[in-house]
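Work through three short exercises on the structure below. Try each task before you read its solution.

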Amino acid sequence: MYAELFRLNGRAAFVTGGSRGIGFACAEALGEAGARVAISARSRDEGEKAVRQLRQKGIEAIYLPADISNESAAQQVVRQAAAELGGLDILVNNAGIARHCDSLKLEPETWDEVINTNLTGLFWCCRAAIETMSAAGRGSIVNIGSISGYISNLPQNQVAYNASKAGVHMLTKSLAGEFAKSNIRINAVAPGYIETAMTQGGLDDPEWSKIWLGMTPLGRAGKASEVAAAVLFLASDAASYITGSVLTIDGGYTIH
């Protein structure tokens, strides 16, 4: 009985930023659970490579090029995913960028780039997905937030990123309350320091990694698969009574 709650047979899932890192791991986890999967990415080469890897594992997968920082492109790619997959049961909003910069040196275009990608584009993806899910009478959205939505990271300065992820957490809660009556569950995960291309530079830096890992009780960086497992849970019927939650996956970093 309980194992079946995690199965996604017959369901359609779309993962933004799904060509690598946490996004690819999420696509892999959802596909292995039985879902048909679409992924988007800015790079066609990376997107098509990721799809080949998913198909080699027996996962039904397609790639859709998109830059979700653009409002119309974000909504269009979600609608395209629903059309290509024959519906949309699950959306994982993973696409995101980080820019480290002292606040007094932060350029307006950098602020806009981070906020438009991480928060504004995520909202438009949610809205397009909710339109499709409302018509179907069910759906699950999982947004990738961050511990940076709770705390101000050390030693790097990244005010735009932190603000964007705090926004993702509140957006998640707000939409969850608004669309619960439509049987659409909307949750988020807040990863800590995970081994991905985005964090590799910091993990390779002796000063930064000493602080990052020293403040993590488990004493190590997380793996993308550990985030994907939580996303699979929230997307599945195993989490059928969970909405508006932000699940922290940080090795204990934020317990201090």
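**Exercise 1.** Which residues have the most contacts inside the largest nonpolar core? Keep in mind that this is a predicted model.

*Solution.*
Step 1. Find the core: the largest nonpolar one has 37 residues.
Step 2. Pick out the residues with the most contacts inside it: Leu30, Ile39, Val92, Val189 and Val231.
Step 3. Ask which elements build this core. Those giving two or more residues include the strands β1 (12-16) and β2 (36-41), and the helices α1 (21-32) and α8 (224-235). The most comes from α8, with eight residues.
Step 4. Look for another core. One of 33 residues lies apart, with Cys125, Ala128, Ile130 and Leu171 among its members.

**Exercise 2.** Is α1 largely enclosed by the rest of the structure or open, and why?

*Solution.*
Step 1. List the buried residues of α1; they include Phe24, Glu28 and Leu30.
Step 2. Draw the conclusion: ten of the twelve residues are buried, so α1 is largely enclosed by the rest of the structure.
Step 3. Check the span. From first C-alpha to last, α1 reaches 17 Å, close to the expected 16 Å.
Step 4. Look just past the helix: Gly34 takes a positive phi of about 115°.

**Exercise 3.** Which side chain of opposite charge is nearest to Arg185?

*Solution.*
Step 1. Locate Arg185: strand β6 (residues 184-191).
Step 2. Find the opposite charge. Asp237 is nearest, 5.3 Å away. A salt bridge needs the atoms within 4 Å. Arg185 is buried yet has no salt bridge.
Step 3. See what its side chain does reach: the backbone oxygen of Ile242, at 3.1 Å.
Step 4. Add other neighbours. Arg185 also touches Gly139, Leu234 and Thr243, among others.

Note on methods. Residues are numbered from 1 along each chain as its sequence is written. This is a predicted model: local features need pLDDT of at least 70, side-chain atom pairs count only at pLDDT 80 or more; totals for chains, interfaces and linings use all residues. Side-chain values use heavy atoms; hydrogens and water are left out. A nonpolar core is a set of buried Ala, Val, Leu, Ile, Met, Phe, Trp, Tyr and Cys residues joined through side-chain atoms within 4.5 Å. Buried means under 20% relative accessible area, exposed over 50%, partly exposed in between (1.4 Å probe, protein chains only). Helices (H or I, at least four residues) and strands (E, at least two) are DSSP runs, numbered from the N terminus. The expected span of a helix is 1.5 Å times one less than its number of residues. Lys and Arg count as positive and Asp and Glu as negative; His and the chain ends are not counted. A polar contact is a pair of N or O atoms within 3.5 Å; within protein, one must be able to donate a hydrogen and the other to accept it, and residues adjacent in sequence count only if both atoms are side-chain atoms. Contact means heavy atoms within 4.5 Å. Lists of a residue's contacts leave out its neighbours within four places in sequence.
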